[in-house]
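Dear colleague,

I am passing on to you the structure below, which you have not worked with before. Please look it over first, and then read the notes that follow.

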Amino acid sequence: MENKESTDKNTSLNFLEQIITKDLAEGKHGGRVHTRFPPEPNGYLHIGHAKSICLNFGLASKYKGKCNLRFDDTNPTKEEQEYVDSIKEDVRWLGFDWEDREFYASDYFEQLYEMAVFLIKKGKAYVCEMTGDEIAAGRGTPAIPGRLSPWRDRPVEESLGLFERMRLGEFPNGKKVLRAKIDMASPNMHMRDPVMYRIMHASHHRTGDRWCIYPMYDWAHGQSDYLEKITHSVCTLEFEVHRPLYEWFLDALEITGDRPRQHEFARLNLSYTVMSKRKLLELVKEGYVSGWDDPRMPTISGLRRRGYTPASIRVFSDKVGVAKRENVIDLALLEHCIREDLNRNAPRVMAVLDPVKLVIENYPAGQVEELQAIRNPEKPEEGHRIVPFSRTLYIERSDFMEDPPKKFFRLSPGNEVRLKYAYIIRCESVVKDEEGRIMEIRCTYDPETRSGMGSTRKVKGTLHWVSAGHAVEAEVRLYDRLFSVENPDDVSEGESFKSHLNPDSLQVVKGLLEPSVREAAPGDRFQFERTGYFCVDKDSKPGVPVFNRTASLRDSWARINK
RNA sequence: UGUCCUGUGGUGUAAUUGGCAACACGUCUGACUCUGGAUCAGAAGAGUCCAGGUUCGACCCCUGGCAGGACAACCA
């Protein structure tokens, strides 16, 4: 029974793996598996792209194949070198290696041009002189067939000549296009004589001004796959309707042997998150966030800055799975993945984010003890850190209650708790200001109970603390979900997704931390004891470190309390 | 009143290709702890969109519905 289950787990393949396994078994592609990750360099990568990256590179490595990085740079007006650089950085950071296979659709412009000439000669493409509006109008609607272009049956030689002159720059933008001659009555809109080339007098981030005609996605993509000998061209569901066209071009080019096949999977959606580049760009441009790498953004760079690890994102992508049905993944799963990673790997540090002073009346003024605290209980081999202890400390305001309910195990008048790594203390009295706000908690300690002394006394609660005279002040940014509703895209007519922005998604507090964080460098991650996981921000200044909250610890007391 | 795709616990993914549904997240109990985190133990929660059919037997096959999504850029 147990054996059966474990075998099941091992043999349980997702649908793409099943396709590949079958292809391999049938001897397709000569036993090769070759995938590609093909971003357009028109923005920053987000967690949805991470899924695609993990999928494509993961499939390749699982089946001992290769995965290319290919920039789909066929629209110079939207693309920039900055994006190319950030994409490369993000893919690398995620832990994937495309080796020497960094390709660009723009590398194939010449070959694509030759292929187009071939199609014209075969009578399968023609130069059309209708305006954009005319083409759109002539295409019809999904239910109504389109009309034939008046240029559809012009002589091959004429199209050939015109196409060459398009390339030479003799015509202004929009004056002519090259269209595939397919079927204006097809129920599939993409088959109604799709545009293959448009005239764009724009300089390209890689080819400069060498070209003024640029291939459309459908024309460039499949052919690029073919030229790179891709076996499995994996893309998202919205390209499903493009597949017949993808096949048509390959057929028209009379490619009969080993050709790429397109397969679609459902893109990732995350609750409390928007994923479209357009919307993310809007948040950036209109200043709702500080930039593409704002720690609240679902971009790879945002998650990185927030403190997510590459491994946690890879694990997430794995747990999310692949299928063809639309999905909305619970943000809690992503959070679970980073907690799991950081709980195991992040060193601990004590921090007080909402401090209240605590004075130990019977502890000698001026005395300082250097206590040993374990760096990471999950990794004892990492040893200890030193934490100074003194008469005046700060504890978390929420760790004290004057009138505690039954199951409150923290500090309250007359009650005892342990200060982590230090002593058992008892609360003797509280000092308040005129408004009744607690200003100071007065305690006594039991000198026999220092950690490691082997005291057998038991208390129900343990508090974390920081020595007032030694604490390091830090800016601590507490992040919460960017949107306050599960599906921000679900808006009523005329409303914007921005109406669902969470006004409390960022709260900045001044925290007090144990002095060991002085050595922390940007990118370092910690678990603040009893609080959550934090990452040192890239903008951190030497004197006052800046921390981003990666995730909070689950507060069971809050759960009991509610 | 077009074509294509998809419907399995709250969420996501499985089910050896026909043998009465498993795993993960989440939720809820409890135990333990020098963090009430972590860990450990346990529970609730779907009978697989609906209706027929084939079959000894259907999440899986067939028929017909229904629901959701994609597609009408010289974007990708």
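**The surface around the RNA**

Four elements, α6 (132–138), β6 (195–199), α13 (331–345) and α14 (556–561), each contribute at least two residues to the surface near RNA strand B. Please keep in mind throughout that this is a predicted model. RNA strand B is surrounded by 71 residues, the closest being Arg-325, Ser-451, Arg-530, Ser-556 and Trp-557, and of the RNA atoms that come within 4 Å of the protein, 64% belong to sugar and phosphate. By character, the residues of this surface comprise 26 nonpolar, 20 polar and 25 charged.

Some polar contacts can be named individually. A polar backbone atom of Gly-174 lies 2.8 Å from a base nitrogen of RNA strand B, while His-242 places a polar side-chain atom 3.3 Å from a base nitrogen of that strand. At Val-322, a polar backbone atom is 3.1 Å from a phosphate oxygen of the RNA.

**The sheet beside α13**

There is also an open sheet of seven strands with mixed pairing, which runs in the order β10-β23-β24-β25-β21-β22-β11. Its edge strands, each paired on one side only, are β10 (348–349) and β11 (351–352). Helix α13 packs on this sheet, where it touches β10, β23, β24 (532–536) and β25 (546–552), and its direction makes about 115° with that of β25. The pairing of β10 with β23 (residues 525–528) is parallel and spans two bridges; within it, Arg-348 has Gln-527 of β23 as its bridge partner. Helix α13 thus appears in both parts of these notes, since it also supplies residues to the surface near RNA strand B.

With best regards

Technical notes: Residues are numbered from 1 along each chain as its sequence is written. Chains are lettered from A and ligands numbered from 1 in the order in which they are written. This is a predicted model: local features need pLDDT of at least 70, side-chain atom pairs count only at pLDDT 80 or more; totals for chains, interfaces and linings use all residues. Side-chain values use heavy atoms; hydrogens and water are left out. A residue is near a molecule or strand if one of its heavy atoms lies within 4 Å of it. A polar contact is a pair of N or O atoms within 3.5 Å; within protein, one must be able to donate a hydrogen and the other to accept it, and residues adjacent in sequence count only if both atoms are side-chain atoms. Ala, Val, Leu, Ile, Met, Phe, Trp, Tyr, Cys and Pro count as nonpolar, Asp, Glu, Lys and Arg as charged, and the others, Gly among them, as polar. Two strands pair if DSSP finds at least two bridges between them. Contact means heavy atoms within 4.5 Å. Axes are lines fitted to C-alpha atoms, for helices over the stretch in contact, and angles run from 0 to 180 degrees between N-to-C directions.
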